Amino acid sequence: MKKRQLAILGSTGSIGTQALEVVSEHSDLFEVYALTANNQVDLLINQARKYMPEVVVIANERKYPELKEALEDLPIKVWAGADAIAQMVQSEPIDMVLTAMVGYSGLRPTISAIKAGKAIALANKETLVVAGELIMKLAAEHKVPILPVDSEHSAIFQCLTGAYDNPIEKILLTASGGPFRRKTLEELATVTKAQALKHPNWTMGAKITIDSASMMNKGFEMIEAKWLFDVTPDQVQVVVHPQSVIHSMVQFEDGAVIAQLGIPDMKLPIAYAFSFPTRMRSMAPRLDFNQYSTLTFEEPDMERFRNLAFAFEAARQGGNMPCILNAANEVVVAAFLQDRIGFLQMSDVIERTMRKASFIANPSYEDYVATDTEARRLANEELIIEN
């Protein structure tokens, strides 16, 4: 049987490294055709030597000489830059592209891969946040499947498999609540970067961990769910579930609720996307219900976690507003990680950027690019005012 050829965008990040573990566990089924990274050249070199892809690409062109020299004894093509990534995903042998890049940078290569007819394993939620309407339209035009890798969207997808097109009444999108679930507004004003980076249940990259702490991540997931499953924002209910055992649920018109459960482990949704519609055997630990005598649920507090409210507002407004939201968020998270802004100030800057940026009701791809640039500029100006 021919091995499925994978391009892994963002192979040095949390999702990318776990995806490569899945490949190692099922080397009879999968082969790595291409690997890309942004900055982590040392890890990319190690991955290239282990998996021997046809192509490796480093987005940061300044790291190209180091990468090229380190791999010159191997028959691997070595490229650099965003253009190279967008071109590489169109390579004829590739069957599936895992988009695990961080943030807005995932949009262009995802569009390029869809236009080339590649199946998409989507781990870059910002792609649908920024340009969900465009992405889903292109996927339909090119008959390309978009298989969700986020644990919540994979859970929803799994709940809907075999649902025979029964209409969704409501999606119940679970959230751990992050490290600050119990903190008051006064306490949130003084939380540190180190505290924000300590997620109670999941091990993730820095950017998504901060988004989880601010609940922006859950807002982005709501927008992603809207596009993936063709629902309105009002059909998505965020439910705080601190144990992270139920990954999400779907409620149907007859009142039945279907849930997907499992231990918090990203390799399960990655493997499911890679192998769909079949399930591959995994040696991962099994869920032991004796260890979970209580599963709890609560409403999110949108006054303490205003980013979640902003996401619902952006989704209802539509157009380029989610793109504005994402750009402002990327700016403030970077500033928070550099200790240039406080935790609650992030929401202040996002709110003012959403108010000031130019709204476009029916944006084109070029409009999204211009919106991203404008919103970043405005957010950076607000950062200066904030300080």
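This section describes the central sheet, a buried helical aspartate, and the cavities and a pocket of a predicted model.

The strands considered here form an open sheet of seven members, arranged in the order 4-3-2-1-5-6-7 and paired in parallel. The edge positions are taken by strand 4 (77-80) and strand 7 (146-148); each has a single partner strand, so one side of each is left without a neighbour in the sheet. Direction ignored, neighbouring strands of this sheet are turned against each other by 20 degrees on average.

Within this order, strand 5 (residues 96-99) stands between strand 1 and strand 6. With strand 1 (residues 4-9), strand 5 pairs in the parallel sense over four bridges. Along this pairing, A7 is placed opposite V97 of strand 5, and L9 is placed opposite T99. Strand 5 also runs parallel to strand 6 (residues 119-122), to which four bridges join it. On that side, L98 of strand 5 faces A121 of strand 6 as its opposite residue. The side chains of strand 5 alternate in direction: M96 and L98 point one way, whereas V97 and T99 point the other way. All four of these residues are buried.

Outside the sheet, an acidic residue in a helix was examined. D211 belongs to helix 10, which spans residues 206-214. With a relative accessible area of 1%, D211 falls under the 20% limit and is therefore buried. The side chain of D211 makes a polar contact of 2.7 Å with the side chain of K207.

Enclosed space was examined next. The model contains two cavities of 30 Å³ or more. The largest cavity holds about 60 Å³ of space. Its lining comprises 10 residues, of which S151, H247, Q260, L268 and P269 are the closest to the cavity centre. Helix 7 (151-160) and helix 12 (267-275) each supply at least two residues of this lining. The greatest contribution to the lining of the largest cavity is that of helix 7, with three residues. By class, the lining of the largest cavity is made up of four nonpolar, five polar and one charged residues.

The second largest cavity has a volume of about 50 Å³. Its lining consists of S214, R304, F305, N307, F343, L344, M346 and S347. Helix 15 (residues 343-356) gives the most to this lining, namely four residues. In terms of class, the lining of the second largest cavity divides into four nonpolar, three polar and one charged residues.

Open space was also considered. About 460 Å³ lies in the second largest pocket. Among the 21 residues that line this pocket, those closest to its centre are L268, M280, S282, A284 and R286. Two or more residues of the lining are given by helix 1 (14-25) and by helix 12. The largest share of the pocket lining, five residues, comes from helix 12. The class composition of the pocket lining is 11 nonpolar, four polar and six charged residues. Helix 12 thus recurs in this description: it supplies at least two residues to the lining of the largest cavity and the largest share to that of the second largest pocket. L268 likewise appears among the residues closest to the centre of the largest cavity and among those closest to the centre of the second largest pocket.

Key: Residues numbered from 1 in each chain as written. Predicted model: local features only at pLDDT ≥ 70, side-chain atom pairs only at ≥ 80, totals over all residues. Heavy atoms only, no water. 1 Å grid on protein atoms, 1.4 Å probe; cavity = no way out; pocket = protein on both sides within 12 Å on 5 of 7 lines; lining within 4 Å. Points joined across faces, edges and corners; volume = space filled by probe spheres on them. Nonpolar A, V, L, I, M, F, W, Y, C, P; charged D, E, K, R; others polar. Pairing = 2+ DSSP bridges. Axes fitted to C-alpha atoms, helices over the stretch in contact; angles between N-to-C directions. Buried < 20%, exposed > 50% of the residue type's maximum accessible area, 1.4 Å probe, protein only. Polar contact = N/O pair within 3.5 Å; in protein donor to acceptor, adjacent residues only side chain to side chain.
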